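Me: I am new to this structure and would like a close look at a single part of it, the pocket that holds the ligand. Please take me through it slowly, and then set it beside whatever else helps me to find my way.

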Amino acid sequence: MIERARIGILISGRGSNMIALADAVRHGRVPCAEVVVVVSDQPNAAGLSQAKERGIETLVIERRGRQRAEHDREIAMALNERQVDLICLAGYMRLLSSEFIDLFRGRILNIHPSLLPSFPGLDAQKQALEHGVKWTGCTVHFVDETLDGGPIIAQRVVAVADDDTVESLSARILDEEHELYPAAVSMVLANLLADSVTAQ
Ligand code: GRF
């Protein structure tokens, strides 16, 4: 039975969603959870120092010319050693191998800055502006083998203004992301914790 879910967060850069999630956990807005490790594939990821400041263990696991599957195996080992129950991708810029996804199926979440299934992949905010949509937003979804295509957990809608730039739109979406991710993680953990009780 899981009493306190152990969360691992994967980042590649700024890490603002990681910080929003870690702070929400610390302030009790994500009940029965703790962030036990932040893993970056980039040694210079700005989010690493922010995680350290919060007393969270950080690991840099670089790809260093290795195949994706081998790199992912090292990450999986680190997460398993720390008995991580839930993995949150927060601006993690690498695709995960099918072996990794299989190992943690149903326990990997991602946040994406569009209303999926519209605008998957890179530069989602730019894609939305170029397409001329009037509404966009952000999505938290389970990760499967498809690109940003796994089952949707929660979404927030953001209006597109006529004079929006990629920067202004991205900033408004990001504000919503920071609220959506902790809320979605809470929902998923409530189910995970309940399942672990019935599995007893
Ligand atoms: C966010 O927009 C997130 O939706 C996307 O990558 C960006 C990461 O930003 N997957 P940050 O590193 O969390 O600040």
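Reply: Helices and strands are named here as DSSP runs, numbered from the N terminus, with at least four residues for a helix and at least two for a strand. What you see is a predicted model, and every value below is computed from it.

The place to begin is the ligand itself, whose surroundings are made up of Arg 14, Gly 15, Ser 16, Asn 17, Gly 91, Ile 111, His 112, Pro 113 and Glu 177. Sorted by class, this shell holds five polar residues, two nonpolar ones and two charged ones. Several of these neighbours also make polar contacts with the ligand. The side chain of Arg 14 places an N or O atom 2.5 Å from an oxygen atom of the ligand, and the side chain of Ser 16 likewise has an N or O atom 2.5 Å from a ligand oxygen. At Ile 111 the partner is a polar backbone atom, which lies 2.9 Å from a nitrogen atom of the ligand. Of the 360 Å² of accessible area that the ligand has on its own, 86% is covered by the protein. Two elements give two or more residues to the shell around the ligand, namely helix H1 (16–26) and strand S5 (108–112).

From the ligand we can step out to the space around it, for the ligand takes up the largest pocket. This pocket contains about 930 Å³ of space, and of the 37 residues that line it, those closest to its centre are Gly 91, Tyr 92, Met 93, Ile 111 and His 112. Gly 91, Ile 111 and His 112 therefore belong to two lists, since each is also among the residues around the ligand, a group set by a heavy atom within 4 Å. The elements that supply at least two lining residues each are H1, helix H4 (98–103), S5, helix H5 (124–131) and helix H6 (166–198), and H6 contributes the most, with four residues. By class, the lining of the largest pocket has 15 nonpolar and 15 polar residues, together with seven charged ones.

The second largest pocket offers a useful comparison, with a volume of about 160 Å³. Its lining consists of Arg 4, Ala 22, Asp 23, Val 25, Arg 26, Ala 33, Glu 34, Val 35, Arg 54, Gly 55 and Ile 56. Here H1 and strand S2 (33–40) each supply at least two residues, and the largest share, four residues, comes from H1. In this lining five residues are nonpolar, five are charged and one is polar.

Two details of the backbone can be placed by the elements already named. In the loop between S5 and H5 lies Pro 117, and the peptide bond that leads to Pro 117 from Leu 116 is cis, with omega near 15°. The loop between H1 and S2 contains Cys 32, a residue other than glycine that nevertheless has a positive phi, near 55°.

Note on methods: Residues numbered from 1 in each chain as written. Predicted model: local features only at pLDDT ≥ 70, side-chain atom pairs only at ≥ 80, totals over all residues. Heavy atoms only, no water. Polar contact = N/O pair within 3.5 Å; in protein donor to acceptor, adjacent residues only side chain to side chain. Areas by Shrake-Rupley, 256 points an atom, 1.4 Å probe, with all protein chains shown as cover. 1 Å grid on protein atoms, 1.4 Å probe; cavity = no way out; pocket = protein on both sides within 12 Å on 5 of 7 lines; lining within 4 Å. Sits in = over half its atoms within 2 Å of the grid points. Nonpolar A, V, L, I, M, F, W, Y, C, P; charged D, E, K, R; others polar. Points joined across faces, edges and corners; volume = space filled by probe spheres on them.
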